[in-house]
Amino acid sequence: MWTLALLGALVVVGMLSIIMGAIMLGLPDAIRGLIHDNGEFERLVVWDLRLPRFLDAVLVGAALGVSGALLQAVTRNPLADPTILGVSAAAGLALAVGLVLFPGIDREWLAVITILGGLVGAGVLLSMAWQGAISSIRLTLAGIAISAFFGAAIVGLLASSTTFLELSLGFLAGGLYGSDWRDAQIVAPIVIPAVAIAIALTPRLNALALGDELAAGLGVLTDRTRLIALILVGALTGAAVSVAGLVSFVGLVSPHVSRSLVGEDQRYLLPTSALTGALLVATADLVARLVIRPSELPMGILTAAVGAPFLLYLVRFRR
Amino acid sequence: MRDSRMMRFALVGTAGLALLFGAACSDDEPEATSTPTATEAAATATTEATATAEATETATEAAAEETVYPVEVTDMLGRTVTIEAEPTTIVTLSPTAAEFVAILGAEVAGRSSSTDFPPEVVDATDVGSAYQPNQEVIAQLNPDLIVADATIHAAPQLREPLEASGIPVIFVTAANIGDMTTTYELMGTVLNKSGEAAEQIAAVDAAAAEASSSVPEGVSAILLIADRDNTLYAANAGSWAGALLDEVGAENVAGGEADSGPYPGFSSVAPEVLLQWDPDYILAVTPAPEPAPRLSDILKQIPPFAGLSAMQNDHVVEMDLQLFLQSPGPRVIEALGALSETLSAE
């Protein structure tokens with residue numbers, strides 16, 4: 001099964017993430033750091049720095065992968081993705097406003113603000129597209145406009161705020177520098193239930209794929225399904241942005257990779273997208289930490305660098 | 001909590017600037033008397049020289065005063081830090097921080113990627129960029145002191161992980177010469193190098209006195225940088241370069257401007273405003289390395305600027321990037337020398 005292969009790959013990347021970094025550890029050292037709470041150097045590096053960062057990468061990747069899959073399902077548009085439809089930008093704007101207006105704010109509140117931003121973004125998307133019923137094409141067009149608008153607001157805010165200058169590169173390009181257990185504790189209670197609800201929603205999403213009339217004929221409330229899906233997208237994207245900034249391409253490419261592996265059935269496609277997204281972000285973060293060590297590349301650059309050629313390959317050579 | 005720290009930081013900065021302005025004013029007063037300026041300047045220089053000699057003596061005395069550990073100090077963010085013993089393994093997180101530690105004669109074990117001065121510091125372990133110091137490499141060095149930069153690492157996203165490591169963190173800054181003096185005293189105590197610190201303070205004061213005496217009365221100047229679109233930004237009184245202009249007694253035509261644009265301490269300048277100000281000297285700094293065109297050359301190619309008196313008198317000068325923009329700190333002595341040489345040239 002492809003799902004098992006992805007899970008295996010994720011475990012391998014997890015192992016590498018724990019062994020490799022600015023300081024290379026041997027496997028025995030890494031395991032000692034993982035198991036023994038001896039306060040030694042290995043413990044600090046493995047348990048306090050690398051493991052939480054890997055888990056953050058998995059949560060961010062899964063959240064973005066599922067967001068992308070949900071958006072592609074409800075819009076019936078293969079180009080849908082939280083970045084392209086403006087949900088990321090709305091969450092990012094909320095995060096930027098939080099950082100600039102309340103410079104000493106707790107990360108918990110920052111995450112709340114960011115998730116609210118994501119929900120507002122999803123809400124604006126829905127209300128703009130609403131006209132008696134939700135039209136997929138209107139949803140897509142509105143999303144692109146919202147993305148451009150909020151994106152411009154973020155850049156404007158960053159340009160006018162000098163205190164934020166040093167953080168803006170990591171924020172705009174996306175990255176997991178400095179993310180730790182606290183980030184995982186904040187977003188896991190959002191991401192895990194949201195992914196579970198999304199998986200529970202998959203039979204209705206399958207019906208939606210047949211077209212609104214047929215879906216309605218099968219007894220699926222199409223608008224309510226879209227509403228729930230968009231709320232999930234807002235919460236998941238907001239959670240991802242609050243930890244990693246604006247990471248592009250994961251939401252777009254993960255469902256496509258998954259589709260080529262497990263096909264169109266949402267019941268398999270959606271969990272596989274979560275795994276693919278997690279694998280992509282974790283791999284990108286590993287590479288980001290290694291390329292110019294001890295400095296780091298912004299991880300978002302690498303998700304695009306890995307994701308874009310793969311998407312091109314799928315477009316050109318598959319199906 | 002953090003706000004009050006920021007407040008204090010701002011207040012310290014403002015107080016420092018006020019001191020500078022105060023010093024500038026008191027320098028002006030004797031000049032207003034009928035005594036010929038040159039003689040007056042020479043007299044001032046002599047007085048300063050005596051003062052320097054005294055300061056050196058005081059320094060020698062202070063050298064005898066060793067720091068008694070554990071010692072409690074207040075750093076440049078107003079934080080109280082206890083240093084348990086004389087630090088032996090020191091990690092510095094910015095070029096400024098590294099220079100302060102190295103010039104006092106302490107060894108730097110870890111440095112930020114862009115640190116390239118003084119030369120012996122380059123051999124220290126690279127701990128990543130100043131904006132993203134690598135916790136793993138720092139942990140491996142197992143330092144007993146981390147020296148961070150108040151202008152870079154004050155934001156909670158960078159400050160909190162450093163503090164969480166349990167290693168004492170000292171924030172230093174060189175926003176102006178007043179701050180530098182305080183930082184020298186602070187680091188002298190922390191590193192048990194109070195004598196060296198006093199010598200450095202005396203040397204900086206002497207350089208400042210000499211520079212301000214050699215720069216002619218009433219010279220006006222502006223220090224410009226430009227972004228990719230050649231939008232010009234001038235150093236205002238809040239910047240390092242602006243503080244240096246004040247220190248040597250030059251009138252910074254952009255000194256009173258508020259920050260605008262993305263660079264702290266700099267204000268965007270419309271070309272017509274520059275024409276209106278028409279300073280005696282235009283100092284240009286180009287962040288991009290050669291062969292990128294120098295800003296001083298670019299300015300000469302902008303037609304309306306041909307009418308500027310600085311342009312007609314060939315007073316458009318390229319200044320050193322490290323000294324005036326990138327590495328505020330101990331090299332202030334060279335910066336002041338360069339500034340006084342430039343502003344007193346015919």
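## A walk through chains A and B

B:Gly261 sits in the loop that links strand S10 (251-252) and strand S11 (266-269) of chain B. Strands here are DSSP runs of E with at least two residues, helices are runs of H or I with at least four residues, and both are numbered from the N terminus. With a relative accessible area of 29%, B:Gly261 counts as partly exposed, where buried means under 20% relative accessible area, exposed means over 50%, and partly exposed lies in between (1.4 Å probe, protein chains only). B:Gly261 and B:Gln200 are 61 residues apart in sequence, and their C-alpha atoms are 35 Å apart in space.

Some notes on the model before going on. This is a predicted model, in which local features need pLDDT of at least 70 and side-chain atom pairs count only at pLDDT 80 or more, while totals for chains, interfaces and linings use all residues. Residues are numbered from 1 along each chain as its sequence is written, chains are lettered from A and ligands numbered from 1 in the order in which they are written, and side-chain values use heavy atoms, with hydrogens and water left out.

Now to the strands of chain B. The table lists three pairings; two strands pair if DSSP finds at least two bridges between them.

| Strands of chain B | Sense | Bridges | One facing pair |
|---|---|---|---|
| S1 (residues 71-74) and S2 (residues 80-83) | antiparallel | 4 bridges | B:Glu72 and B:Thr82 |
| S3 (residues 90-92) and S6 (residues 145-149) | parallel | 3 bridges | B:Thr92 and B:Val147 |
| S6 (residues 145-149) and S7 (residues 169-172) | parallel | 4 bridges | B:Ala148 and B:Phe171 |

How do the side chains of S2(B) alternate? B:Val81 and B:Ile83 point to one face and are buried, while B:Thr80 and B:Thr82 point to the other and are not. The hairpin of S1(B) and S2(B) has 5 residues between the strands, and B:Gly78 there takes a positive phi near 80°.

In strand S6(B), 5 of its 5 residues are buried. Both faces are covered: B:Leu145, B:Val147 and B:Asp149 lie on one side, with B:Ile146 and B:Ala148 on the other.

B:Ser220 belongs to strand S8 (residues 220-226) of chain B. B:Ser220 counts as buried because its relative accessibility is 8%. Its side chain reaches the backbone nitrogen of B:Asp280 at 3.0 Å. Leaving aside residues up to four places away in sequence, B:Ser220 touches B:Glu251, B:Val253, B:Pro279, B:Asp280 and B:Tyr281, a contact being heavy atoms within 4.5 Å.

Finally, the two chains meet. The size of an interface is often given as the accessible area lost when the parts come together. Chain A and chain B bury about 2,000 Å² between them, 60% of it on carbon and sulfur atoms; this is the accessible area (1.4 Å probe) that the two parts lose on being put together, summed over both. Chain A brings 21 residues to the contact and chain B brings 24 residues.

The rule finds 2 salt bridges across this interface, each a side-chain nitrogen of Lys or Arg within 4 Å of a carboxyl oxygen of Asp or Glu. The side chains of A:Arg50 and B:Glu136 meet in a salt bridge at 2.5 Å, N to O. On the side of chain A that touches chain B, helix H3 (41-75) and helix H7 (165-173) each supply at least two residues. The largest share of that side, 5 residues, comes from H3(A).

Conventions: A polar contact is a pair of N or O atoms within 3.5 Å; within protein, one must be able to donate a hydrogen and the other to accept it, and residues adjacent in sequence count only if both atoms are side-chain atoms.
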